[in-house]
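Biologist: I've got a model open and I'd like to learn how to read it piece by piece. Could you walk me through it, starting with a single residue and working outwards?

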Amino acid sequence: MKGVIFLFSLIILLLIYKLFKNKQTAQIEDALQNSNLKSNPLNAESVRTFYNETTEKFRKVYGDIIQAFRTKNVEDYLDYTIKSADLKDGQTILDAGCGIGGPSKYFASKLDIQIEACTISDYQAEMGKKLIEEAQLQDKVHIQRADYHDMAKIYPKDHFDRVIFLESFGHSPDKKMLIEAAWEVLKPGGFLYIKDLFEREAGGDEDMKKIKEICEEINKAYHYAIADLHEIISIVRKKGFIFTSVKTPEVDMDLFEHLTISNDFQNLFDISKINSWENYIFPIDFLEIKVQKPPFMIDFNKHLYHMNQPEAQ
Ligand SMILES: C[S@@+](CC[C@H](N)C(=O)[O-])C[C@H]1O[C@@H](n2cnc3c(N)ncnc32)[C@H](O)[C@@H]1O
């Protein structure tokens, strides 16, 4: 009898210990999450304030197209974007993270398209609207202040032929959520197009350490979270997008703007300045990613692509 009581007490003690342990683990996880949030304050609100305060500085150097990777005559780069993102007459496009609408204005002046454009910055949205009205393009381009993470709440489902991010994607602290939102608003058969900077990869540990340090500086200075290509490829593939291409923008080297703009800008802000080219390691790659939301077979509600059937029977 004594043995049974002893065993019973032991089991009770073990259960109490386990309960206590689980609670402690949950508390530690909570604390870790909170500290992680504190050490990484990037969020849509901080980006909003950043662009409300800095857009005019950007404009002094960049003009109306706020992209670092570009051609000397930036319209050459926008023509390239039209080709590369396959923008065509008749399409409906979402320009996610549109700045002051410079690219959208250009695309609408060249093509018979409808563009919804959004920026997190109040200042940019107001300025963008004004510039679009001045260009008399308000029937083709609609700009609003909105968080692109909310696009699935703002725009209709299965609506856009293209969702494009032109050096805006990297501002997102939650790229999985952003890609999933883009999936929702894209038509079946529509394309997600991202042009952005991605962390470079190098063979040696020392070089990799430097790359990470410089990326960290850029992230802090520009309220960015430079994306990891492997992670993004994995997210889009897991979501079910069909991979079309990932490449460096194919810009003629004679036309290419060799960092002049970026350096001018860094001088203006006094951040991430390249003071010496000795031992300098370029920390990023500019890349374009183009993926397609698979066209659906209406009858079977299955993806043609994944079914691997040429025609519905
Ligand atoms: C480097 S600028 C590029 C602007 C524009 N694509 C262009 O080519 O001129 C980055 C843009 O991303 C926008 N952005 C960043 N985070 C955003 C968010 N959460 N929602 C909407 N726009 C965002 C900023 O407001 C800014 O307009």
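Modeller: Sure. Let's start with Ala135, which sits in the loop between helix 5 and strand 3. Keep in mind that this is a predicted model.

Biologist: How do I read burial for a residue like that: is Ala135 buried, partly exposed or exposed?

Modeller: You count C-beta atoms around its own: 20 or more within 10 Å is buried, 12 or fewer is exposed, and anything in between is partly exposed. Ala135 has 15 such neighbours inside 10 Å, so it counts as partly exposed.

Biologist: And which residues is Ala135 in contact with, once neighbours within four places in sequence are left aside?

Modeller: Those would be Lys105 and Ser109. Take the pair with Ser109: the two residues are 26 apart in sequence, and their C-alpha atoms are 8.7 Å apart in space.

Biologist: Where would I find a residue that passes the burial cut-off?

Modeller: Try Phe265, in helix 10, which spans residues 260-269. Phe265 counts as buried because it has 20 C-beta neighbours inside 10 Å, and 20 is where the buried class begins. Phe265 also shows how the chain folds back on itself in sequence terms: Lys60 is 205 residues away along the chain, yet 8.7 Å away C-alpha to C-alpha.

Biologist: What do those two ideas look like for the whole chain?

Modeller: Of its 313 residues, 30% count as buried. For contacts, take those between residues at least 6 apart in sequence: 77% of them join residues at least 24 apart. As for the parts list, there are eleven helices and nine strands.

Biologist: Let's take one of the helices. How do I check the length of helix 5?

Modeller: Compare its end-to-end reach with what a rise of 1.5 Å a residue would give. Helix 5 covers residues 122-134, 13 in number, and reaches 19 Å from first C-alpha to last, close to the expected 18 Å. Helix 8 (residues 205-222) works the same way: 18 residues, a reach of 26 Å and an expected 26 Å.

Biologist: What should I look at where a helix stops?

Modeller: Check the sign of phi. Gln136 follows helix 5 with a positive phi, near 55°. Just after helix 8, His223 has a positive phi too, about 55°.

Biologist: Which residues of helix 5 are buried, and what do they pack against?

Modeller: The buried ones are Gln124, Ala125, Met127, Gly128 and Ile132. They pack against helix 2, helix 4, strand 2 and strand 3.

Biologist: How do I describe the packing of helix 2 with helix 5?

Modeller: Use the angle and the distance between the axes. Here that's about 50°, with the axes 7 Å apart, which makes helix 2 oblique to helix 5. Tyr51, Asn52 and Thr55 come from helix 2, meeting Asp122, Tyr123 and Gln124 of helix 5. By class, this contact has two nonpolar, three polar and one charged residues.

Biologist: There's a ligand as well. How many residues surround the ligand?

Modeller: 23, and the closest are Gly97, Gly99, Ile120, Ser168 and His171. The elements giving two or more residues to this shell are helix 2 (44-62), helix 4 (102-110) and strand 2 (114-119).

Biologist: Which element gives the largest share of that shell?

Modeller: Helix 2, with three residues.

Biologist: And how does the shell divide by residue class?

Modeller: Eleven of the shell residues are nonpolar, ten polar and two charged.

How values were computed
Residues numbered from 1 in each chain as written. Predicted model: local features only at pLDDT ≥ 70, side-chain atom pairs only at ≥ 80, totals over all residues. Near = placed C-beta within 6 Å. Helix = DSSP H or I, 4+ residues; strand = E, 2+ residues; numbered from the N terminus. Nonpolar A, V, L, I, M, F, W, Y, C, P; charged D, E, K, R; others polar. Expected span 1.5 Å × (residues − 1). Contact = placed C-beta atoms within 7 Å. Axes fitted to C-alpha atoms, helices over the stretch in contact; angles between N-to-C directions. Parallel < 35°, antiparallel > 145°, perpendicular 65-115°, else oblique.
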